[in-house]
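Biologist: Let us go through this model together. I will ask, you answer.

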Amino acid sequence: SPMLDVRDLRVVYPNGNEALKSISFTANAGDIIAVIGRSGAGKSTLLRCINGLQEATVGSVTLDGEVVTNLRGEQLRKARRYIGFVWQEYNLVERLPTITNVLTGRLAYVNPLAAFIGYFGKYDREIALKSLERVNLLNRAKFRADRLSGGEKQRVAIARAIAQEPKILLADEPVASLDPELSVQVMSDLARVARELGVLTLINIHDVELAKQYS
């Protein structure tokens, strides 16, 4: 069975605006899929439905056999553990070291009290360091996030997402804030890491040429 099964997914906002019109597709582990469309076409809404940030009006999203659409509370939190998300705006904690930002990808796996005091075990640290190594940023592990360049920040965001050991990786316009040269670099890193890990990856992107190179 497919890793991801999106069936008749439709999102209509209370004001009547239809953000998604009945979308259906399936995808397998290891697939890299570029979701291409102009701004406002519903690309972000699709990803938000997959990770439970947006409620579906109709239809369903099934990830690895579990219907994630309309999960709530604790169940949704558990399902999200397996969904890595790379935002357009990095979403890093600027004053914390790079390694700590990557470790936040392990939060769903550790005891909440341990996480609150910033305690992560050896296993989690090893995963975080390995994730940084995958995006060639091991030498920045102790740097504060605000000392990093835009391209480095986005690669840290990728490392944080893969530190979750996700079943699916979602990237929402991950290079929209970067200049063209860095965009190519970050996209190739993202695609390479996804291939190495064999993780299903959906990338929202409006640059067709860039998408063609990596999907």
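Modeller: The chain's secondary structure comes to 8 helices and 8 strands. Helices (H or I, at least four residues) and strands (E, at least two) are DSSP runs, numbered from the N terminus. The model is predicted: local features need pLDDT of at least 70, side-chain atom pairs count only at pLDDT 80 or more, and totals for chains, interfaces and linings use all residues. Residues are numbered from 1 along each chain as its sequence is written, and side-chain values use heavy atoms, with hydrogens and water left out.

Biologist: What is the radius of gyration of the chain, and what does the globule rule give for 215 residues?

Modeller: The radius is taken over C-alpha atoms, and the rule is 2.2 Å times the number of residues to the power 0.38. The chain is as compact as a globular protein of its length, because its radius of gyration is close to the rule's value. The C-alpha trace spans about 45 × 40 × 35 Å along its principal axes. Radius and rule: 17 Å and 17 Å.

Biologist: Which strands stand at the edges of the antiparallel sheet?

Modeller: This is an open sheet of 4 strands with the order 2-1-4-5. Two strands pair if DSSP finds at least two bridges between them. An edge strand here has a single partner, so one of its sides is left without a neighbour in the sheet. The edges are strand 2 (18-27) and strand 5 (66-67).

Biologist: How many bridges join strand 1 to strand 2?

Modeller: The two strands form a hairpin with 5 residues between them, and G16 in the turn has a positive phi of about 95°. V12 has E18 of strand 2 as its bridge partner, and L9 has I23. The strands run antiparallel, and the bridges number 6.

Biologist: What is the bridge partner of R7 in strand 4?

Modeller: Strand 1 (residues 4-12) runs antiparallel to strand 4 (residues 58-63), joined by 5 bridges. In one of these strand pairings, R7 meets its partner in strand 4, S60.

Biologist: Now the parallel sheet. Which are its edge strands?

Modeller: The sheet is open, with 4 strands in the order 3-8-7-6. Neighbouring strands are turned by 15° against each other on average, direction ignored. Each edge strand pairs on one side only: strand 3 (32-36) and strand 6 (83-86).

Biologist: Which residue in strand 8 stands opposite L169?

Modeller: Strand 7 (residues 168-172) and strand 8 (residues 200-205) pair in the parallel sense over 5 bridges. Opposite L169 stands T201.

Biologist: Which strands does helix 7 touch where it packs on the sheet?

Modeller: Contact means heavy atoms within 4.5 Å. Helix 6 also packs on the sheet, touching strand 6 and strand 7, and its direction makes about 175° with that of strand 6. The direction of helix 7 makes about 160° with that of strand 8. Helix 7 touches strand 3, strand 7 and strand 8.

Biologist: At what angle do helix 6 and helix 7 pack?

Modeller: Axes are lines fitted to C-alpha atoms, for helices over the stretch in contact, and angles run from 0 to 180 degrees between N-to-C directions. Helix 6 (residues 150-163) and helix 7 (residues 180-197) have axes 10 Å apart. Helix 6 is roughly parallel to helix 7, as angles under 35 degrees count as roughly parallel, over 145 as roughly antiparallel, 65 to 115 as roughly perpendicular and the rest as oblique. The packing angle is about 15°.

Biologist: How do the residues of the contact of helix 6 with helix 7 divide into nonpolar, polar and charged?

Modeller: Helix 6 brings G151, Q154, R155, I158 and I162; helix 7 brings L182, Q185, V186, D189, L190, V193 and L197. Ala, Val, Leu, Ile, Met, Phe, Trp, Tyr, Cys and Pro count as nonpolar, Asp, Glu, Lys and Arg as charged, and the others, Gly among them, as polar. The division is 7 nonpolar, 3 polar and 2 charged.
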